[in-house]
Amino acid sequence: MSTNLPGQSRKYESITSQRVNQIPPSGIRRFFDLLASMEGVISLGIGEPDYPTPWHIREAAIHAIEKGYTMYTSNLGIPELRQELSQHLKNSYNLDYDPNSQLLITIGVSEALDLVMRALLNPGDEVIMPDPCYVSYPACVVLAGGTPVMVPTYEKNNFEISASDIEARVSDKTKIILIGYPANPTGAVMGKEKLLQIAEVARRHQLLVIYDEIYAKLVYGVKHTCFTTLPGMKERTILLSGFSKAYAMTGWRIGYAAANKEIIAAMTKIHQYTLLCVPIMAQVAAIEALKSGEASTTEMVNEYNRRRQVMVKGLNEIGLPCFEPRGAFYAFPSIKGTGMTSQEFSERLLLEEKVAVVPGTAFGRCGEGYVRCCFATSLADIEEALSRMKRFVDKHKKEG
Ligand SMILES: Cc1ncc(COP(=O)(O)O)c(C=O)c1O
């Protein structure tokens with residue numbers, strides 16, 4: 001089908017680019033357009049903390065504005081922030097990153113993902129990643145001209161990606177393994193032993209690894225392993241993380257990439273032409289978060305853990321069996337017993353009971369039969385949502 005711009009005669013195959021045409025609009029956003037017009041909805045949908053940013057962090061940014069810090073910064077980010085971050089990675093993982101050449105401050109992990117794909121991929125290069133996974137992973141690969149290669153993961157294996165399944169998909173074109181734990185949408189966490197097996201595959205096939213650890217601090221009774229700390233992996237790994245989830249800073253739009261010099265230089269080239277730098281106030285806030293945000297994070301994580309327990313128990317009790325998430329703030333219950341698809345379940349639950357969840361298929365084919373419920377919302381709302389979901393499930397059981 002050809003098309004043309006209004007009032008012009010030149011025909012285009014399509015006005016928008018083939019790359020953009022290849023990706024669907026985000027399944028999460030599409031769904032939330034639907035609920036924007038409704039009242040009285042309890043949302044377990046959007047994946048963000050229900051807390052505002054801790055006050056001392058907000059205050060640091062307010063002071064920055066008062067002092068007139070309203071300019072561009074270095075493309076890489078304010079030197080003091082990079083210094084703090086370097087120290088933070090040293091303290092957390094005993095990793096050494098040179099603040100002047102191996103760290104880049106980005107507009108969230110979102111920008112870092114886009115930059116790293118554009119910096120590394122040539123047309124047709126393949127990137128192996130888990131299914132289901134965070135919605136941006138395959139889209140960023142396609143927009144950079146690469147090809148996502150999905151590895152199915154299953155509840156029976158705790159939604160962990162297996163090294164042998166990765167290896168079975170390695171081809172001449174494979175360049176990168178992209179993984180992120182704790183995971184969105186499943187809440188899965190991968191232990192060190194299994195990550196070591198993936199490291200072995202990366203080494204054997206000379207692959208790069210992108211490790212998204214935006215939920216690193218949100219773990220419940222298990223230890224988070226940073227992939228970069230595994231033997232021989234620092235040079236191979238691009239570590240992405242940020243402030244959105246751990247410090248309740250989604251709206252500030254700040255994250256970072258840590259990698260070897262060559263990769264950071266390539267990512268910085270794109271960043272300097274497209275974004276220039278992260279807003280200075282957000283960078284000042286991030287310095288404060290790194291210096292003294294730990295206590296607030298611990299408090300929030302303890303509260304998420306209480307909510308997690310209520311959510312998981314409640315879902316199991318109403319007949320939606322739920323894998324136990326050990327990280328992030330998502331429960332990913334199976335809705336297979338209802339006989340509905342994830343899309344159908346989510347839409348009907350929203351229309352009939354005004355509870356918003358995200359269909360598992362927004363995160364890939366293997367998300368069919370599941371829905372994502374974010375428990376970063378008040379206990380009262382979680383309890384009310386569970387009681388509405390029980391009514392919904394009971395009603396449809398009877399119908400069935
Ligand atoms: C796994 C994962 N990575 C990255 C992001 C994007 O985070 P940011 O706010 O830093 O752009 C999200 C947001 O939900 C996420 O779940």
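This text walks through a predicted model, from its sheets to its ligand site and its unusual backbone spots.

Start with the seven-stranded sheet. This sheet is open, and its pairing is mixed. Read across, the strand order is β2-β8-β7-β6-β5-β3-β4. Two strands stand at the edges: β2, residues 103-106, and β4, residues 147-152. Each has a single partner strand, so one side of each lacks a neighbour in the sheet. Neighbouring strands in this sheet are turned by 20° against each other on average, with direction ignored.

Now look at one pair inside that order. Strand β7 covers residues 237-242, and strand β8 covers residues 255-258. The two pair in the antiparallel sense, over four bridges. One residue pair can be picked out here: Ser-241 has Tyr-256 in β8 as its bridge partner.

A helix lies across part of this sheet. Helix α9 spans residues 261-274. The strands under α9 are β2, β6 (208-212), β7 and β8. Against β2, helix α9 runs at about 30°.

A second sheet has three strands. This one is open too, in the order β9-β12-β11, and its pairing is antiparallel. Its edges are β9 (330-331) and β11 (358-359). Each of these has a single partner strand, so one side of each is left without a neighbour in the sheet. Strand β12, residues 371-374, runs antiparallel to β11 and is joined to it by two bridges. Val-358 has Arg-372 in β12 as its bridge partner.

Next comes the ligand. Which residues surround it? The shell holds Gly-108, Val-109, Ser-110, Tyr-134, Tyr-137, Asn-184, Asp-212, Ile-214, Tyr-215, Ser-244, Lys-245 and Arg-253. By class, that shell divides into five nonpolar, four polar and three charged residues. Helix α5, residues 108-120, gives the most to the shell, with three residues.

Side-chain polar atoms reach the ligand at several points. An N or O atom in the side chain of Asn-184 is 2.8 Å from a ligand oxygen. For Tyr-215, the distance from a side-chain N or O atom to a ligand oxygen is 2.7 Å. For Lys-245, a side-chain N or O atom also lies 2.7 Å from an oxygen atom of the ligand. How much of the ligand does the protein bury? Taken alone, the ligand exposes 400 Å², and the protein buries 92% of that.

Finally, check the backbone. Most peptide bonds are trans, and most residues other than glycine have a negative phi. Where does this model depart from that?

Two cis peptide bonds can be visited in turn. One joins Asp-131 and Pro-132, with omega of about 0°. Pro-132 sits in the loop between β3 (126-131) and α6 (136-143). Another runs from Asn-184 to Pro-185, with omega near 15°. Pro-185 has its place in the loop between β5 (174-179) and α8 (192-204). Asn-184 has already appeared as one of the residues around the ligand.

The phi exception is Leu-276. Leu-276 is not a glycine, yet its phi is positive, at about 70°. Leu-276 is found in the loop between α9 and α10 (280-292). That α9 is the helix lying across β2, β6, β7 and β8.

Terms used:
Residues numbered from 1 in each chain as written. Predicted model: local features only at pLDDT ≥ 70, side-chain atom pairs only at ≥ 80, totals over all residues. Heavy atoms only, no water. Near = heavy atom within 4 Å. Polar contact = N/O pair within 3.5 Å; in protein donor to acceptor, adjacent residues only side chain to side chain. Areas by Shrake-Rupley, 256 points an atom, 1.4 Å probe, with all protein chains shown as cover. Nonpolar A, V, L, I, M, F, W, Y, C, P; charged D, E, K, R; others polar. Pairing = 2+ DSSP bridges. Axes fitted to C-alpha atoms, helices over the stretch in contact; angles between N-to-C directions. Contact = heavy atoms within 4.5 Å.
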